[in-house]
Amino acid sequence: MTRNLSKLNRRAFLAGTALCLSGTVATAQMKVADLRGSIDSEDLGLLPNAADDQTAQFQNAVNRAVERGRALFLPAGTYPVANLRLPSGTLIVGVPGRTRLVYQGGGGQLIRAEDVANVGLTGITFDGANRSIGDFTEGLLHFINVKNVTLDNCEITGSSKMGLLLDRCSGRVENCRISGAAEAGLRSNEANGLAITGNTVTDCANGGIWVHRWREGEDGTIVSGNRVERIGARYGGTGQFGNGINVFRAHGVMVSNNRVADCAFSAIRSNAGSNVQIIGNSCLRSGETAIYSEFGFQGAVIANNIVDGGTIGISIANFMDGGRMAVCSSNLIRNIKKEGPYPPEVAGFGIGIAVEADTTLTGNVVEGAPKFGLMLGWGPYMRNIAASQNVVRDCGTGIAVTVVDGAGAAVITNNIVQGSQQGAINGYRWLEKATGELNNVSEFDNLTVHGNQIAA
C-alpha cells in the first residue's frame, strides 16, 4: 500500500509542478497538459545517479514514452549515457540545472536525431566531460533534417568538438547555455526556419554561433537576444575562426539585439550573406573588425549598433568580389586600435567605418579611430557612396576617400569632423595621402564634397 501511495504522490507532484513549470520551462510544445500526462523515468527503470552506464535504460524509456505519446520526465540527478537516438515525437523534461546527462565517451556522441520531427528537450544539462567524440560527427549533440526541434532552458558543456549541431533543421534554440566547446558552441547548416534566441554562449575555442550553408541560398535564421562572450581562435587564421556570431553563405539572416564581447576576431561577421540585417547589437572588445559584411554579398543593413573596441569598427568590403549594396546608419563606434592579431594587410587597422560600393553611410558617430574615421573606397574599388550627417571626432584622418583612377562616385556632405590630427577630409591613393583638404573644393569629377563642418 505504501509503494502505491508513493507512486500516486509522485504523479500528483508532477501534475502540481506542471503549473509552475509552464511559466519558465514549458514552451508552446510543452504545455501543462503534456506534463500532467508525462511518464516518470523511474517507472521505466531509469534511475538517477546510477553508477553504471544507463544508455540502454534511457533509450528504452525514450522509446516507451514516444510509443505512448507522452513526455518523459527525468528527476534531478546524473545519467551516464552515450549514443542516444531520438525518434519523432520525443519530448524530454528535466529539472533545470539538476538533471544531467553525462557523455560516457568511447568515440561516439551523446545525442543524435535524424530525419525525424517534433523533438523537444527542456531543462536538461548535457555534459560532454571533454571525452572523445567519433569521426562521424562534429558535435556532442547532432540534429540532422529534423523538422521542429526545440531546445529550451538546457545547458551544453564540455564538448571536445562543437556543442550543438543543427543540419537542415527548423525550430528553436532558446534560453540555453553553451560553454567550453573545443570548437564552435552552436553551428547551424542550411536551416529551414530556425530561431536562436536568448542563449548564452561562452568560452568556446573557435566560434560562438555559426549560421552556415554548404551552398549559398536563402536561410532566414533569426539570431536575437543572445549573450556571446570569450570566444577564441584556436585554429588561427585571419578571421575564419574567433567570431562571436558568424554568417557564411546564408541569405536573409537577422542578427539583432545580441551582446557580443571579448572575441578573438569579430563580434559579428557575415561572409557572402546577402540581405543580412545586423541591428541593435552591442559589440565589445573585439580582437579584429567588430562588424563585418564581406565578399560576395548583395544587401546588408547595419544599423543602431554599439561598437566599443576593435581594430576596425564596421567594414563593408570586397567590391572586387561582388560585395555591394548596404545601409550603414546610426552606429556608435569608439576605442578603435591600430594593433591587430596578425600583421596588417590591405588598408590595415585603426579604422572606424570602411565602405566600398552602393552604400549609404548616415548618422553614425565615430570617435578615436587612429587611422581613419571613415574610409570610403579602396584603390579603384568605390562606387556610389553617400556619406552624410556623420560625426567624426578625434581620429587620425577624419574622412579618407580614394582618388585612384577608376574609382566611382562619392558624395560627402553635411558631416561634422572635429579634432583630426592628419586632416579632416582627404583623398588617398591606396595608403598614400594624395590631396589637401577637399571640403567644398575638389578637382575630381566623381567627388561631391560640401556642407561639412570642420573643427579643430
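Colleague: Leaving aside its neighbours within four places in sequence, which residues is Leu376 in contact with?

Modeller: Quick caveat: this is a predicted model, where local features need pLDDT of at least 70, side-chain atom pairs count only at pLDDT 80 or more, and totals for chains, interfaces and linings use all residues. Residues are numbered from 1 along each chain as its sequence is written, and side-chain values use heavy atoms, leaving out hydrogens and water. Contact means heavy atoms within 4.5 Å. Setting aside neighbours within four places in sequence, Leu376 is in contact with Val355, Leu361, Met382, Ile385, Ala387, Ile399, Ala400, Val401, Thr402 and Ile412.

Colleague: Which element gives the most to the largest nonpolar core?

Modeller: A nonpolar core is a set of buried Ala, Val, Leu, Ile, Met, Phe, Trp, Tyr and Cys residues joined through side-chain atoms within 4.5 Å, with buried meaning under 20% relative accessible area, exposed over 50% and partly exposed in between (1.4 Å probe, protein chains only). The largest one has 101 residues, and Phe58, Leu101, Phe126, Leu141, Phe143, Leu151 and Leu376 touch the most other members. Helices (H or I, at least four residues) and strands (E, at least two) are DSSP runs, numbered from the N terminus. With four residues, the element that gives the most to this core is H3.

Colleague: What does the chain's secondary structure come to?

Modeller: Of its 456 residues, 58% count as buried, and its C-alpha atoms fill a box of roughly 95 × 40 × 35 Å along the principal axes. Among contacts between residues at least 6 apart in sequence, 63% join residues at least 24 apart. The secondary structure comes to three helices and 46 strands.

Colleague: Where does Ser41 sit, and is Ser41 buried or exposed?

Modeller: Ser41 lies in the loop between strand E1 (39-40) and helix H3 (55-67). Not counting residues up to four places away, Ser41 touches Leu46, Leu72, Phe73, Leu74, Pro75 and Tyr79. Its relative accessibility is 0%, so Ser41 counts as buried.

Colleague: Why is Cys263 in no bond with its closest cysteine sulfur, in Cys283?

Modeller: A disulfide is a pair of cysteine sulfur atoms within 2.5 Å, and a search of the whole structure finds zero of them. Cys204 is in none, its nearest cysteine sulfur being that of Cys263, 10 Å away. Both are tucked away, as Cys204 is buried at 2% relative accessible area and Cys263 is buried at 4%. As for Cys263 and Cys283, their sulfurs are too far apart for a bond, at 8.6 Å.

Colleague: Just past Cys204, how far apart in space are Ala205 and Tyr235, C-alpha to C-alpha?

Modeller: Ala205 is in the loop between strand E18 (200-204) and strand E19 (207-218), and is partly exposed at 22% relative accessible area. Not counting residues up to four places away, Ala205 touches Ala181, Ala182, Glu183, Gly232, Ala233 and Arg234. Ala205 and Tyr235 are 30 residues apart in sequence, and their C-alpha distance is 8.5 Å.

Colleague: What about backbone oddities: what is the phi of Arg230?

Modeller: Asn153 is one to check too, with a positive phi of about 55 degrees although it is not a glycine. Asn153 is in the loop between strand E11 (147-152) and strand E12 (155-157), and counts as buried at 17% relative accessibility. Arg230 lies in strand E21 (residues 227-231) and is partly exposed at 40%. Although not a glycine, Arg230 has a positive phi of about 55 degrees.
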